[in-house]
Protein chains: 2
Amino acid sequence: MLFRGINSIKSKSCLRSPVTRDFRGLATVLQQEPSHPHVRTSVPGPKSKELFKDLNSMQQASSVQLFADYDKSMGNYFVDADGNVFLDAFTQISSVPIGYNHPQLLNVFKDEQNLKALVNRPALGVFPGLDWPQKLKNVLMSVAPAGLDNIATMMCGSCSNENAYKTVMMWYRTKQRGGKIDFTPEEISSCMLNQAPGSPNLSILSFEGSFHGRTFGALSSTRSKPIHKLDCPAFDWPVAPFPRYKYPLDQFQRENAQEDKRCLEQVADIIDKYEKKNNPVAGVIVEPIQSEGGDHEASPAFFQGLQKICQEKGSALIIDEVQTGCGPSGKMWCHEYFNLPSPPDVVTFSKKMLTGGFYFKSEFKPPHAYRVFNTWMGDPSKLILLEQVLKVIKQNNLIENANKTGQVLKNGLLKLEKEFPNLVNSVRGRGTFLSFNTSNTEVRDKILSNLRQNGVIGGGCGEMAIRLRPALVFQQKHAEIYLDILRKTLKEI
Amino acid sequence: MLFRGINSIKSKSCLRSPVTRDFRGLATVLQQEPSHPHVRTSVPGPKSKELFKDLNSMQQASSVQLFADYDKSMGNYFVDADGNVFLDAFTQISSVPIGYNHPQLLNVFKDEQNLKALVNRPALGVFPGLDWPQKLKNVLMSVAPAGLDNIATMMCGSCSNENAYKTVMMWYRTKQRGGKIDFTPEEISSCMLNQAPGSPNLSILSFEGSFHGRTFGALSSTRSKPIHKLDCPAFDWPVAPFPRYKYPLDQFQRENAQEDKRCLEQVADIIDKYEKKNNPVAGVIVEPIQSEGGDHEASPAFFQGLQKICQEKGSALIIDEVQTGCGPSGKMWCHEYFNLPSPPDVVTFSKKMLTGGFYFKSEFKPPHAYRVFNTWMGDPSKLILLEQVLKVIKQNNLIENANKTGQVLKNGLLKLEKEFPNLVNSVRGRGTFLSFNTSNTEVRDKILSNLRQNGVIGGGCGEMAIRLRPALVFQQKHAEIYLDILRKTLKEI
């Protein structure tokens with residue numbers, strides 16, 4: 001029965017309805033969700049088109065693909081305004097951790113104390129709730145990357161990176177002052193004019209193809225696509241090449257190791273160059289897998305080499321796990337794959353973590369108050385939700401599930417690569433955090449559009465890649481449906 | 001009975017308890033809240049101190065004043081971890097619109113559909129819910145400043161300003177291209193290197209004493225205090241003087257008008273200067289009342305003159321209503337006081353609005369998708385809360401209340417100014433958005449500390465000012481308590 005989940009939800013909208021009481025976690029979600037996609041209109045359908053006009057009259061809405069019915073969406077299935085049912089392999093730009101309408105999330109705010117935390121949003125930097133330190137420990141610190149025992153909460157990926165940069169810059173300047181935390185009168189007066197030495201020349205090195213956000217600091221380090229950057233002033237910050245591997249990896253080991261070496265040499269050279277031009281590199285930011293820029297991966301050896309360079313040059317290493325974090329790679333944090341000899345200095349997160357923020361080493365704790373600060377400093381209600389998400393992940397071994405499902409997906413994609421060599425190549429990734437290249441942008445967009453018409457929401461990235469970003473509750477059966485529909489779609493192209 | 005509110009809440013923590021059902025909006029809040037402050041320990045008390053140690057072991061927590069008991073806080077009263085009860089005249093840096101634990105907010109997520117909107121957070125720029133356009137209309141557009149018929153939702157004040165700057169810069173560059181929306185190959189390639197013409201020299205003019213946030217773009221326009229800016233690179237953006245009036249206003253009309261003129265002349269000169277040095281001013285950002293920087297106000301004539309200059313020079317006028325917006329000034333938007341001949345180009349908001357965002361004129365709609373964009377683009381659950389806040393404001397005439405209560409407060413402050421001329425001067429502001437200067441920073445901090453010990457949470461701003469930022473449910477009786485305790489405190493100094 002195709003719509004059993006959706007129909008049963010539809011009829012139960014009041015609080016103490018059976019649908020709420022009957023939920024028993026993941027098993028129930030998987031039982032309640034539709035058995036497969038069902039598209040009844042051309043996509044986008046008439047209702048989505050009508051709503052688009054409405055929204056576009058109030059804002060630039062051209063990026064909108066579909067209007068959703070979140071009341072009816074369930075588990076891995078996204079239902080749109082026209083009643084079309086899609087298997088969701090993009091999950092709100094990779095930001096839905098355990099699927100739609102998970103009962104443990106729906107139940108959270110039936111607890112009066114959680115509800116009050118939601119309604120009475122504090123200025124966390126001034127008047128945190130009495131349970132806040134414990135909440136940070138129980139939730140965020142319980143999954144902290146090894147060696148990072150400090151935490152700052154933020155609201156989104158961009159502001160997490162922006163504040164990570166500031167943290168790193170304060171650390172760097174304190175080092176330059178020989179550990180002194182006082183400022184000179186010249187620094188104090190010049191910063192008010194946006195001039196050095198108070199507003200110093202300091203840079204963040206990022207990589208070609210990287211994406212770190214769209215606010216001015218984050219944007220100065222984003223290097224994925226011109227459309228993000230055009231017309232916006234940017235800091236003179238350096239960019240280095242990120243490895244571009246040949247696939248399959250096991251056939252190009254020598255070439256790819258050479259590629260690592262080429263990129264690392266340039267990183268070292270550029271840091272020296274910016275030191276000489278008096279705009280030193282306070283920090284290097286890198287994604288474990290470049291996501292928005294095209295799902296470019298790099299080897300553990302590359303990241304080990306990068307950390308070594310950072311340590312030699314005195315630059316902080318910031319790992320941006322905004323998209324890779326919270327399990328989809330098959331580890332909680334994707335950088336765990338790299339076996340770094342020592343922890344990275346800062347790890348930023350958002351998306352599946354529901355709250356933004358960053359972990360950092362104690363030595364990066366800013367020496368003064370009010371410098372990494374804003375009114376809200378995060379949102380306790382998101383931590384309350386994350387607490388449940390982490391419970392569900394643990395109870396259901398969802399990180400292991402990402403590995404298992406990912407293996408099914410990867411094997412399937414490798415088969416399709418053989419079957420459609422002109423359309424699919426360079427299958428890559430870890431866990432369910434997978435992708436493949438198509439032949440060019442036009443073909444990629446056509447595949448995505450047909451996929452959607454056939455019942456699967458997928459995401460593009462880079463110039464010609466398709467990325468898989470399912471929720472952590474994506475099972476082998478969903479992988480098989482995804483692969484079947486992808487195969488059907490590739491045949492149509 | 002002092003603790004009637006708090007005790008009755010404490011004993012009722014389950015969902016369908018009388019406390020929930022008995023609520024009848026504002027009247028009930030005012031009945032349930034304590035009758036006056038009650039401080040039983042030295043402040044901060046032992047529990048707050050203990051929790052501080054805990055939090056400070058994980059992050060730089062020196063800005064924390066008190067740990068709160070949000071379960072027990074009610075209406076205008078903030079209860080801390082030690083059971084101390086304070087009248088709250090700062091309200092989480094001015095971000096609590098209708099007091100703590102308002103029943104209409106506590107009830108919102110008992111509606112299953114609202115709960116689902118909370119749990120299934122969409123990427124609003126790609127897959128908004130089918131009710132989203134209507135929600136924008138019913139909630140945000142229902143209070144849009146006249147003439148601004150476009151809206152972008154964001155997450156906080158800083159990112160609202162950052163994205164307002166980007167919007168204004170895209171508009172400015174499109175003008176420079178003679179309305180063409182295509183980019184040259186040189187623009188496309190240069191922006192990827194953070195270089196002009198793709199990443200052009202464009203600036204935002206702000207004012208001495210202004211506060212617009214702490215991310216790198218916002219921070220480049222913030223000019224209130226060195227501590228926000230030190231060690232962070234900043235753009236070469238211009239700063240102009242903001243009027244510094246003599247008080248009482250009616251005795252210094254000529255001098256203050258001269259001050260307006262002096263500042264406006266400099267604005268015009270600086271815009272010309274930056275045009276000549278090839279870093280044109282795309283936009284001017286200004287607070288209706290400079291808040292964090294010291295509650296400096298300016299006359300309607302100043303703002304009218306500023307708009308005229310912006311129009312003549314071709315720069316956009318951005319009004320930052322992050323702190324002034326949503327009623328505390330005695331109007332929904334403080335800039336309504338200025339009788340501007342035409343609407344400002346962009347108005348940004350956050351704090352009491354619970355969601356960040358900005359209103360803008362149609363001509364500022366970015367010509368392409370994905371340029372004012374991020375993963376979440378706001379948060380529907382905050383709009384659902386704001387919808388109730390706006391209802392409560394309307395039902396209870398809370399904007400009119402801000403005027404009435406504000407008048408009581410202002411009259412009282414003016415009396416205290418006469419009684420304590422060495423401690424209180426320059427009483428100023430609109431509605432309950434009021435402030436006064438003390439004699440210096442040390443005295444100001446001492447007053448705030450004693451105020452707190454005497455049962456009132458207040459906020460400082462600028463070098464020596466104390467700002468009043470009560471919730472919109474602050475009544476005449478609260479004003480009287482505030483004034484009594486302030487008087488007692490001033491006597492102690």
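**A buried threonine, a mixed sheet and a two-chain interface**

T355(A) is found in the loop of chain A between β10 (346-349) and β11 (356-360). The model described here is predicted. Its relative accessibility is given for T355(A) as 2%, so this residue counts as buried, the cut-off being under 20%. A polar atom of the T355(A) side chain lies 3.2 Å from the backbone oxygen of M154(A). M154(A) is also one of the residues in contact with T355(A) when neighbours within four places in sequence are left aside. The others are L140(A), T153(A), F349(A), S350(A), K382(A), L383(A) and L386(A).

The strands on either side of this loop, β10(A) and β11(A), belong to an open sheet of seven strands. The order in chain A is β3-β11-β10-β9-β6-β4-β5, and the pairing is mixed. In general, strands of a sheet pair through backbone hydrogen bonds, either parallel or antiparallel. The edges of the sheet are β3 (150-154) and β5 (239-240) of chain A. Each has a single partner strand, so one side of each is left without a neighbour in the sheet. At the β5(A) edge, the partner is β4 (residues 203-207) of chain A. These two strands pair in the parallel sense, over two bridges. F207(A) stands opposite A240(A) of β5(A).

A helix packs on this sheet: α9 (residues 157-176) of chain A. Helix α9(A) touches β3, β4, β6 (281-286), β9 (316-320), β10 and β11 of chain A. The direction of α9(A) makes about 150° with that of β6(A).

In chain B, helix α14 (residues 300-313) has 14 residues. From first C-alpha to last, α14(B) reaches 20 Å, close to the 20 Å expected at 1.5 Å a residue. Several of its residues are buried: F302(B), F303(B), G305(B), L306(B), Q307(B), I309(B) and C310(B). The cover over these buried residues includes three strands of chain B, β4 (203-207), β6 (281-286) and β9 (316-320). Helix α13 (253-276) of chain B is also part of that cover. Just after α14(B) comes G314(B), with a positive phi of about 80°.

The two chains also meet each other. Contacts link 124 residues of chain A with 124 residues of chain B. Between them, the chains bury about 11500 Å², and 62% of this area is on carbon and sulfur atoms. On the chain A side, M58(A), F127(A) and D231(A) supply 8% of the area buried against chain B. No other three residues supply more.

Methods
Residues are numbered from 1 along each chain as its sequence is written. Chains are lettered from A and ligands numbered from 1 in the order in which they are written. This is a predicted model: local features need pLDDT of at least 70, side-chain atom pairs count only at pLDDT 80 or more; totals for chains, interfaces and linings use all residues. Side-chain values use heavy atoms; hydrogens and water are left out. Helices (H or I, at least four residues) and strands (E, at least two) are DSSP runs, numbered from the N terminus. Buried means under 20% relative accessible area, exposed over 50%, partly exposed in between (1.4 Å probe, protein chains only). A polar contact is a pair of N or O atoms within 3.5 Å; within protein, one must be able to donate a hydrogen and the other to accept it, and residues adjacent in sequence count only if both atoms are side-chain atoms. Contact means heavy atoms within 4.5 Å. Two strands pair if DSSP finds at least two bridges between them. Axes are lines fitted to C-alpha atoms, for helices over the stretch in contact, and angles run from 0 to 180 degrees between N-to-C directions. The expected span of a helix is 1.5 Å times one less than its number of residues. Buried area is the accessible area (1.4 Å probe) that two parts lose on being put together, summed over both.
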